[in-house]
Amino acid sequence: GINAEYMGSLTMSPAQAMGSEHSALFHLASKPPHSCRSNAAWTTKTQDGVIQLTATRAIKEGDMVTISYLQPQSLWTDPAAKRGAALRETKGFTCACERCTGPGDNEGVVCPKKCGAIARNHGSPETTEWRCPKCGVVDVMDSIHTYVEHLFQMEMVAQFGRLPGITDVKAFIDEAAAKLSPTHFVVLRALKFLITVCASHAQMGPGSMRSQAQVQAAEAGMSFLQAAECLSAGCHVGATCTQDHPIVYDLSQDAFFAAEDVMSADLCSNSIVQRLTRYFPAIRAAYGPKDTNVLKIERFLADKNAKRSAAARGAAASKEELGKLGVGELKRRIKEMGRTFDGCVEKADLVERILE
């Protein structure tokens with residue numbers, strides 16, 4: 001059996017820390033090691049409380065199954081040195097995963113010589129050597145320290161009740177994305193901070209400002225997910241990226257809160273609904289299929305997807321009807337809409353101009 005003296009020396013289980021009345025030790029499921037780029041996620045939000053591991057990336061035969069021991073958000077908002085320090089302090093080991101032993105993927109900085117490439121630290125935390133693949137060794141440390149310190153000051157001031165303006169935080173994010181990179185940990189951390197600032201303004205502001213802040217909180221949440229997806233996929237476009245990268249399964253909690261903000265603001269753009277729909281299986285696995293808020297999100301997405309499908313069918317029917325009209329009639333309708341048909345070469349181009 002399990003040594004009773006050892007069991008008595010345990011402090012508090014994660015389940016107890018979260019307020020649960022139940023906790024358990026899982027003999028096999030406790031075996032997967034940590035990785036900052038894990039290929040599996042775990043949950044006990046199952047029908048019988050049994051722990052369930054879900055593959056979050058392709059796992060080849062013979063590959064080691066890994067999970068994350070860190071808070072999901074910190075995987076993307078913290079640099080490798082900070083993640084490593086947290087693991088040494090709380091778990092007693094140094095992470096040797098690919099993200100921690102190579103140049104930090106969320107620490108790259110756009111080359112100061114403006115060649116368009118990303119410079120990375122090829123040294124160690126003690127002996128930094130930033131190299132651009134095109135320009136060689138470059139100096140970026142002052143720039144990094146400036147933005148890290150600025151963000152730290154904003155966060156500290158906010159803790160004492162002096163919230164910065166939403167536009168000020170947005171301006172900082174835009175500048176940091178341009179000077180560092182759109183997927184730098186400072187930018188992702190600032191996006192998370194922006195969500196908090198927007199939510200706080202939404203609680204304290206008057207009616208019109210409250211609604212606007214709710215919308216901005218929802219948009220910031222979606223931007224954070226997009227930037228993290230880009231980082232995970234090795235893309236560096238960030239929050240403005242238009243590609244559909246795979247979801248970041250670790251961020252199911254962030255997706256959950258983003259969905260709640262989206263519902264409060266009643267946002268229903270195709271891109272938002274599509275992203276949340278892709279995250280929903282991860283949300284349901286993390287919180288359980290019977291969770292009240294999960295069921296609300298499920299109904300919200302089902303309703304929005306049904307309306308989107310109906311609109312798509314209507315657009316297809318309209319396109320078919322417009323295709324039966326003559327070129328002259330199509331041009332007349334375009335003029336009535338206050339548009340031009342410049343660039344329309346074929347009849348199909350005129351139809352698309354009307355449907356824009």
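This is a guided tour of a predicted model, moving from the whole protein to three single residues and then to two pairs of packed helices.

**The whole chain**

Begin with the entire protein in a cartoon view, where there are 14 helices and six strands to be found. Of the 356 residues in the protein, 39% are buried. If you draw contacts between residues at least 6 apart in sequence, 56% of them join residues that are at least 24 apart.

**Strand β1 and A41**

Select strand β1, residues 40-43, and within this strand pick out A41. A41 has a relative accessibility of 16%, and therefore counts as buried, the cut-off being under 20%. Now show the surroundings of A41, setting aside neighbours within four places in sequence: the residues in contact with A41 are Q52, L53, T54, T56 and Y249. As a distance to check in the viewer, the C-alpha atoms of A41 and R57 lie 9.8 Å apart in space, while the two residues are 16 apart in sequence.

**The loop after β2 and S68**

Move next to the loop that runs between β2 (52-55) and α3 (74-77), and select S68 there. Is S68 buried or exposed? Its relative accessible area is 16%, so S68 is buried. Display the side chain of S68 and follow it to the backbone nitrogen of L70, which it reaches at 3.1 Å. Apart from residues up to four places away in sequence, S68 touches H34, S35, S38 and L75.

**Helix α8 and K192**

Select helix α8, residues 185-204, and centre the view on K192. The relative accessible area of K192 is 17%, so this residue is buried as well. Which side chain makes a polar contact with the side chain of K192? The partner is D254, and the contact between the two side chains has a length of 2.4 Å. D254 also appears among the residues in contact with K192 once neighbours within four places in sequence are left aside, and the others on that list are Q73, T77 and F224.

**Helices α6 and α7**

Hide the side chains and show helix α6, residues 141-159, together with helix α7, residues 166-179; their axes are 11 Å apart and the packing angle is about 160 degrees. Because angles over 145 degrees count as roughly antiparallel, α6 and α7 are roughly antiparallel to each other. The crossing of these two helices, α6 and α7, is left-handed. Bring the side chains back to see the contact, in which S143, Y147, H150, L151 and M154 of α6 meet F172, E175, A176 and K179 of α7. Sorted by class, the residues of this contact between α6 and α7 comprise five nonpolar, two polar and two charged.

**Helices α13 and α14**

For the last stop, select helix α13, residues 327-336, and helix α14, residues 347-355, whose axes come within 10 Å and cross at roughly 30 degrees. How are α13 and α14 oriented, roughly parallel or roughly antiparallel? Since an angle under 35 degrees counts as roughly parallel, α13 and α14 are roughly parallel to each other. Here too the crossing, that of α13 past α14, is left-handed. On the α13 side the contact is made by V327, L330, K331, R333 and I334, and on the α14 side by K347, L350, V351, R353 and I354. Colouring this contact of α13 with α14 by residue class gives six nonpolar and four charged residues, with no polar ones.

Conventions: Residues numbered from 1 in each chain as written. Predicted model: local features only at pLDDT ≥ 70, side-chain atom pairs only at ≥ 80, totals over all residues. Heavy atoms only, no water. Axes fitted to C-alpha atoms, helices over the stretch in contact; angles between N-to-C directions. Helix = DSSP H or I, 4+ residues; strand = E, 2+ residues; numbered from the N terminus. Parallel < 35°, antiparallel > 145°, perpendicular 65-115°, else oblique. Left-handed = near helix turned anticlockwise from the far one by under 90°. Contact = heavy atoms within 4.5 Å. Nonpolar A, V, L, I, M, F, W, Y, C, P; charged D, E, K, R; others polar. Buried < 20%, exposed > 50% of the residue type's maximum accessible area, 1.4 Å probe, protein only. Polar contact = N/O pair within 3.5 Å; in protein donor to acceptor, adjacent residues only side chain to side chain.
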